[in-house]
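Please read the following account alongside the sequence and the coordinates. It takes up charged side-chain pairs and then the packing of two helices.

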Amino acid sequence: MKYLASLVEKVGKERFDAEFGKVVTGTDIKPRASRERTTTAAKRLTKAAARKLIGALAGR
């Protein structure tokens with residue numbers, strides 16, 4: 001989770017929101033609420049979804 005949090009700081013909240021929305025589409029995970037912190041939203045992810053999000057944010 002620390003790596004994901006530092007990655008979010010580098011790419012920005014707007015990009016995080018866009019990629020987070022793509023990753024959680026089709027899952028039981030709800031999109032990030034307007035006042036929810038990025039770290040709180042990231043904690044709700046499954047391992048597979050977190051890996052997918054990291055890959056998207058890192059440009060893989």
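A residue is called buried when its relative accessible area is under 20%, exposed when that area is over 50%, and partly exposed in between. The model discussed here is predicted, and the values below are computed from it.

By that cut-off E19, with a relative accessibility of 15%, is buried. Its salt-bridge partner K22 has a relative accessible area of 56% and is therefore exposed. The two side chains meet at 3.8 Å, N to O, where a salt bridge requires the nitrogen to be within 4 Å of a carboxyl oxygen. Both E19 and K22 belong to helix α2; they are three residues apart, about one turn of the helix.

Side chains of opposite charge can pair when their charged atoms come close. Under the 4 Å rule, the model holds three salt bridges. Helix α2 takes part in another of these through D17, whose side chain meets that of R32 at 2.6 Å, N to O. D17 sits in α2 (residues 13-24), whereas R32 sits in the loop between α2 and α3 (38-43), so this pair ties together parts that are 15 residues apart in sequence. D17 has a relative accessibility of 32% and so counts as partly exposed.

A further salt bridge joins the side chains of R44 and E36, with an N to O distance of 3.1 Å. The partners fall into separate accessibility classes: R44 has a relative accessible area of 32%, which means partly exposed, while E36, at 16%, counts as buried.

The next topic is helix packing. Two packed helices are described by the angle between their axes and the distance between the axes. Helix α1, residues 2-11, packs with helix α4, residues 47-58, at an angle of about 30 degrees, and their axes are 10 Å apart. Angles under 35 degrees count as roughly parallel, so α1 is roughly parallel to α4. The crossing of these helices is left-handed.

Which residues make the contact between α1 and α4? On the α1 side they are Y3, L4, L7, V8 and V11, and on the α4 side L53, I54, L57 and A58. Sorted by class, the contact of α1 with α4 comprises nine nonpolar residues, with no polar and no charged ones.

Two kinds of pairing have thus been described. One is the set of three salt bridges, among them the pair of D17 and R32; the other is the contact of α1 with α4, which has no charged residues.

Conventions. Residues are numbered from 1 along each chain as its sequence is written. This is a predicted model: local features need pLDDT of at least 70, side-chain atom pairs count only at pLDDT 80 or more; totals for chains, interfaces and linings use all residues. Side-chain values use heavy atoms; hydrogens and water are left out. Helices (H or I, at least four residues) and strands (E, at least two) are DSSP runs, numbered from the N terminus. Buried means under 20% relative accessible area, exposed over 50%, partly exposed in between (1.4 Å probe, protein chains only). Axes are lines fitted to C-alpha atoms, for helices over the stretch in contact, and angles run from 0 to 180 degrees between N-to-C directions. Angles under 35 degrees count as roughly parallel, over 145 as roughly antiparallel, 65 to 115 as roughly perpendicular and the rest as oblique. A crossing is left-handed if the near helix is turned anticlockwise from the far one by less than a right angle, and right-handed if clockwise. Contact means heavy atoms within 4.5 Å. Ala, Val, Leu, Ile, Met, Phe, Trp, Tyr, Cys and Pro count as nonpolar, Asp, Glu, Lys and Arg as charged, and the others, Gly among them, as polar.
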